[in-house]
Structure formats: C-alpha cells, structure tokens
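Biologist: Please put the structure up, and I will ask about it piece by piece.

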Amino acid sequence: MVLKKNAEQDSQMRAEIQDMKHELSTVNKTDEFARCPRLERKINKMMDKLKIHVKARTAQWAKIKWFVSVAFYVLPAALMISLVWKCYSVPVAMVPSKRIARLDRLEPYLLE
C-alpha cells in the first residue's frame, strides 16, 4: 500500500514535470524572458525532488528484499533446530542386532 502510494506520487511528479516542460516550450523566450528561467528552476527543483523520492523508494525496496531473503534463511534453520530439539530422542532407523554383530568384527580395524 505504501509502495503503491509512492509510485502514484512518482507518476504525479513526472506528469507535473512534463506539463511544465510543455509550458516552457510554448513560452516565447524573447517576450517573457523572466518567466523562462523561473520555469527552468521550477523544473530542476521538481526533478531533484523526484530523484530523491525515487532513491528513497529504491532504498525501501532494498530493505524489503533484504528482510525477505533473511527470512528465507532463518525460518528453515529455525525449523530444523526445533525438529532436532523436539525429536532428539526418537530413533531415525532401527538396525537389527545381527547386523551390528557383524560390524563388531571390524571395530579393531576402524579404531586404528
């Protein structure tokens, strides 16, 4: 909602700049020599405002993207930790004792 409002403000500012540029192009520079620089300053001021506004919106998007990416790393890690904590004592697989007896013969070789 906030980003939509910012985008609407951007488009409104761009429309105002276009209107002022159109007005500047229709002004006769020799007859109204004081009005031209005033309009140009107004256009430049509005352009600077627009640049600042766009930078702020870009920074806001960067923050949102950063929080989302961090959340996608933190949430799975938290889920895994909670599962390990909760299911620590539950066996994952049961191995028959006959198979373990066969591995006991390999134990002296594995410890070296």
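Biologist: Where does UniProt place the feature "transmembrane region"?
Modeller: This is a predicted model, and the placement comes from the record rather than from the atoms. The UniProt entry is unreviewed. In the model the span is 100% helix and 0% strand, with its end C-alpha atoms 28 Å apart. The feature is placed at residues 66-85.

Biologist: Which element gives the largest share of the largest nonpolar core?
Modeller: That core has 10 residues in all, among them Met 13, Ile 17, Cys 36 and Ile 43. Two elements give two or more residues to this core, α1 (2-26) and α2 (35-86). The largest share, 5 residues, comes from α2.

Biologist: Leaving out residues up to four places away in sequence, which residues does Ile 17 touch?
Modeller: Ile 17 belongs to the largest nonpolar core, as do Ile 43, Met 46 and Leu 50. Its contacts, with those sequence neighbours left out, are Ile 43, Met 46, Met 47 and Leu 50.

Biologist: Is Cys 36 buried or exposed?
Modeller: The structure holds 0 disulfides. Cys 87 has 40% relative accessibility, so Cys 87 counts as partly exposed. Cys 36 has 6% relative accessibility, and buried means under 20%. Therefore Cys 36 counts as buried.

Biologist: What kind of aromatic pair do Trp 66 and Phe 67 form?
Modeller: The count comes to 1 aromatic pair. Trp 66 and Phe 67 are both exposed. Their rings lie 5.1 Å apart, centre to centre. The planes are 70 degrees apart, and over 60 counts as edge-to-face, so the pair is edge-to-face.

Terms used
Residues are numbered from 1 along each chain as its sequence is written. This is a predicted model: local features need pLDDT of at least 70, side-chain atom pairs count only at pLDDT 80 or more; totals for chains, interfaces and linings use all residues. Side-chain values use heavy atoms; hydrogens and water are left out. UniProt positions are given in the numbering used here, feature names are shortened, and annotations may be inferred rather than shown by experiment. Helices (H or I, at least four residues) and strands (E, at least two) are DSSP runs, numbered from the N terminus. A nonpolar core is a set of buried Ala, Val, Leu, Ile, Met, Phe, Trp, Tyr and Cys residues joined through side-chain atoms within 4.5 Å. Buried means under 20% relative accessible area, exposed over 50%, partly exposed in between (1.4 Å probe, protein chains only). Contact means heavy atoms within 4.5 Å. A disulfide is a pair of cysteine sulfur atoms within 2.5 Å. Rings of Phe, Tyr and Trp (its six-membered ring) pair if their centres lie within 6.5 Å; planes under 30 degrees apart count as stacked, over 60 as edge-to-face and the rest as tilted.
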